[in-house]
Amino acid sequence: MQQEKEQQLLEDQRDLNKFGYAQELLRDMGGFSNFAISFSIISILTGAVSLYGHGLLYGGSGMMGFGWTLVALFVILIAASMSELASAIPTAGALYHWAAILGSKRWGWYTAWINLIGQIGIVAGIDYSFSLFADPLLASAFGYTSTEKTTLILFGITLLLHGMFNHIGIRLVARLNDFSAWYHIGVVVILVGSLIFFSRHDLQPLDYLFQVGQTFSDKPYAIAFLIGLLQAQWTFTGYDASAHTIEETINPRVRAAWGIYTSVAFSFIFGFIMLAFVTLSIKNAAAASEAENAFIYVISKALGGAFGSVVLWLVTFAMWFCGLASITSFSRMLYAFSRDKGMPWSHQWAEISTKYRTPAKAIWLVIILSFALALFDYIVKSINPNTSYTTLAFLTAVSVVGLYVAYGIPLYLKLRAESRGLFQRKHYGPWHLGNWSKPINVLSLIWIVFISIMMVIPPNQTAGYALIAMFFVLLIMDLAYYRKHFKGPQAALGNSEEEIKRQEARFRDS
Amino acid sequence: MLALGIILLLFTIGVAIAIGYRANESVRQFDESAHESFIGSQAEREG
């Protein structure tokens with residue numbers, strides 16, 4: 001068994017060396033851990049719960065039946081398309097590296113930065129959600145008043161804690177993620193079982209779940225429904241984590257590909273079950289949509305205030321795990337991009353701690369960037385307190401658009417490279433879709449374009465403006481410096497075998 | 001709408017299973033000797 005593992009590790013190392021990279025990170029994750037990191041970031045208890053009120057407000061109860069399933073259908077196609085690429089090009093840069101070698105180094109550079117913007121949004125969005133939930137709980141426990149400022153402080157402390165765990169090592173984080181996956185499933189089972197057996201009132205008939213035409217917003221239903229899709233679409237983000245941790249996964253060409261795909265598929269199933277029973281427990285949808293937290297409101301009405309508090313704590317812990325995993329993913333992406341010198345002060349972020357085998361400096365950069373984004377939003381709202389959007393909607397919209405555009409670029413480039421005869425059947429990894437690949441890629445791209453537009457229409461236009469502003473900054477950076485100086489992952493191919501072995505020896509000797 | 005919703009749900013589950021089945025087949029039939037790592041186009045590598 002041990003011999004088989006060592007053989008596999010050698011093969012994985014050789015596969016990575018083919019791309020010019022040394023095995024610097026600790027390769028210790030199994031298939032379940034790879035699945036668990038993406039499943040924890042998707043976190044049905046984070047996205048679907050914290051934006052439950054958003055979905056209900058705009059799309060009514062039908063959002064949970066139709067909205068969730070419709071989004072899941074297309075996300076399954078996107079995940080399958082990404083799994084194929086992860087299997088063919090198994091490096092931690094993932095989206096960025098795929099775009100760079102399927103298109104060009106500049107495609108790669110833009111993909112990396114767009115992915116980075118989305119990742120900042122997702123880390124900030126998740127840990128901000130955690131703080132929004134945890135701060136009132138802690139305020140009542142310790143007798144202080146929860147305000148936007150205390151939420152921001154708690155957000156900073158949470159980021160610090162996540163930074164420390166990630167710094168210490170992938171083994172600890174992987175164990176916590178494994179636990180997190182079972183924890184998510186366990187909470188859904190407890191929640192659904194309680195609603196079935198202990199609800200204070202009868203469940204709504206099943207057709208309530210698919211009832212369309214009722215919105216509690218001031219928008220026409222069709223538009224409102226599309227805005228409400230943010231709930232599901234934000235939930236289904238971050239599954240690229242399985243690809244970003246690919247250099248830490250044993251037999252990654254198969255396991256990381258399955259990790260991406262199964263994390264989405266199982267999140268769809270468990271998320272649907274949870275949303276269905278919570279929605280069928282609604283007694284008064286209008287009141288729920290107006291509540292501060294619609295999800296907790298529905299649970300409290302159905303199972304009592306005490307049970308509502310328990311669920312609140314359970315959900316809050318799930319968000320904590322989700323934030324932890326998202327920082328792991330983001331830091332690996334930064335590390336991979338920095339080793340190809342795509343960032344300012346790249347050599348710092350590409351440095352691996354010889355003690356912990358983690359990209360320690362990249363982890364702390366992630367913490368700073370995520371805090372800065374939430375702080376920016378806090379300042380904007382302090383200057384203009386009458387603003388109608390919420391911080392969470394801003395952060396989630398930024399992350400959805402950033403991540404999905406970054407998911408879409410390599411898919412487009414793969415289709416282009418195939419049509420030019422550059423990317424051929426022999427280049428596919430073990431996990432591929434054969435003849436189904438092209439139509440699945442095309443449908444994925446259509447959905448990405450559609451959803452990216454939907455996520456920045458009012459009331460989320462601020463996210464659109466922020467993304468446009470960030471794109472201009474990228475354009476300036478590119479034209480001013482990187483256009484001439486960024487060599488891309490192709491430059492790593494120039495590393496000699498001796499150089500790669502020398503880099504790897506540093507970690508064996510430590 | 002209930003019927004439509006259930007059809008959509010079953011269709012999505014069907015698509016997920018079909019893709020999973022297709023991918024599993026490809027993993028089982030994978031021939032390492034016929035595989036070649038994709039490292040980008042020659043022009044891009046030289047550029």
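Begin by selecting the place where the two chains of this predicted model touch: the contact takes 37 residues from chain A and 26 residues from chain B. On the side of chain A that touches chain B, the elements giving two or more residues are α5, residues 62-88, and α13, residues 252-280. If you colour α5(A) by itself, you will have picked out the largest share of that side, 10 residues. Colouring the side of chain A that touches chain B by class instead gives 24 nonpolar, 9 polar and 4 charged residues.

Now hide chain A for a moment and look at chain B alone, which contains 2 helices and 0 strands. Of the 47 residues in chain B, buried ones make up 15%.

Bring chain A back and select A:Ile76. Which residues is A:Ile76 in contact with, leaving aside its neighbours within four places in sequence? In chain A they are A:Val264, A:Ala265 and A:Phe268, and in chain B they are B:Thr12, B:Val15, B:Ala16 and B:Ile19. A:Ile76 also belongs to the largest nonpolar core, a set of 177 residues in which A:Ile76, A:Ala79 and A:Val264 have the most contacts. To see where the largest share of this core comes from, select helix α7 of chain A, residues 105-142, which supplies 18 residues. There is also a second, separate core of 5 residues, and you can find it by selecting A:Leu16, A:Phe19, A:Tyr21 and A:Ala22, which are among its members.

The next stop is the loop between α5 and α6 of chain A, where A:Ala94 is found. The phi angle of A:Ala94 is near 50 degrees, a positive value in a residue other than glycine. Is A:Ala94 buried or exposed? A:Ala94 has 34 other C-beta atoms within 10 Å, and because a residue counts as buried when there are 20 or more, A:Ala94 is buried. Step on to helix α6 of chain A, residues 95-102, which is mostly covered, with 8 of its 8 residues buried. Among these buried residues of α6(A) you can select A:Tyr96, A:His97 and A:Trp98.

Move next to helix α16 of chain A, residues 305-339, and show it together with helix α18, residues 360-383. Their axes come within 8 Å and cross at roughly 120 degrees, and the crossing of α16(A) and α18(A) is right-handed. To display the contact, select A:Ile327, A:Phe330, A:Ser331, A:Leu334, A:Tyr335 and A:Ser338 in α16(A), which meet A:Ala362, A:Ile363, A:Leu365 and A:Val366 in α18(A). The residues of this contact divide into 8 nonpolar, 2 polar and no charged.

Keep α16(A) on screen and add helix α2 of chain A, residues 31-42, whose axis comes within 8 Å of the axis of α16(A) and crosses it at roughly 120 degrees. The two helices, α2(A) and α16(A), are therefore oblique to each other, and their crossing is left-handed. From α2(A), the contact is made by A:Ile37, A:Ser40 and A:Ile41, while the residues of α16(A) that take part include A:Phe321, A:Cys322 and A:Ala325. By class, the contact of α2(A) with α16(A) has 5 nonpolar, 4 polar and no charged residues.

Finish at A:Lys341, in the loop between α16 and α17 of chain A. The phi angle of A:Lys341 is near 60 degrees, again a positive value in a residue other than glycine. With 18 other C-beta atoms within 10 Å, A:Lys341 is partly exposed.

Note on methods: Residues numbered from 1 in each chain as written. Chains lettered and ligands numbered in written order. Predicted model: local features only at pLDDT ≥ 70, side-chain atom pairs only at ≥ 80, totals over all residues. Axes fitted to C-alpha atoms, helices over the stretch in contact; angles between N-to-C directions. Helix = DSSP H or I, 4+ residues; strand = E, 2+ residues; numbered from the N terminus. Left-handed = near helix turned anticlockwise from the far one by under 90°. Contact = placed C-beta atoms within 7 Å. Nonpolar A, V, L, I, M, F, W, Y, C, P; charged D, E, K, R; others polar. Core = buried A, V, L, I, M, F, W, Y, C linked by C-beta atoms within 7 Å. Buried ≥ 20, exposed ≤ 12 C-beta atoms within 10 Å, placed from the backbone. Parallel < 35°, antiparallel > 145°, perpendicular 65-115°, else oblique.
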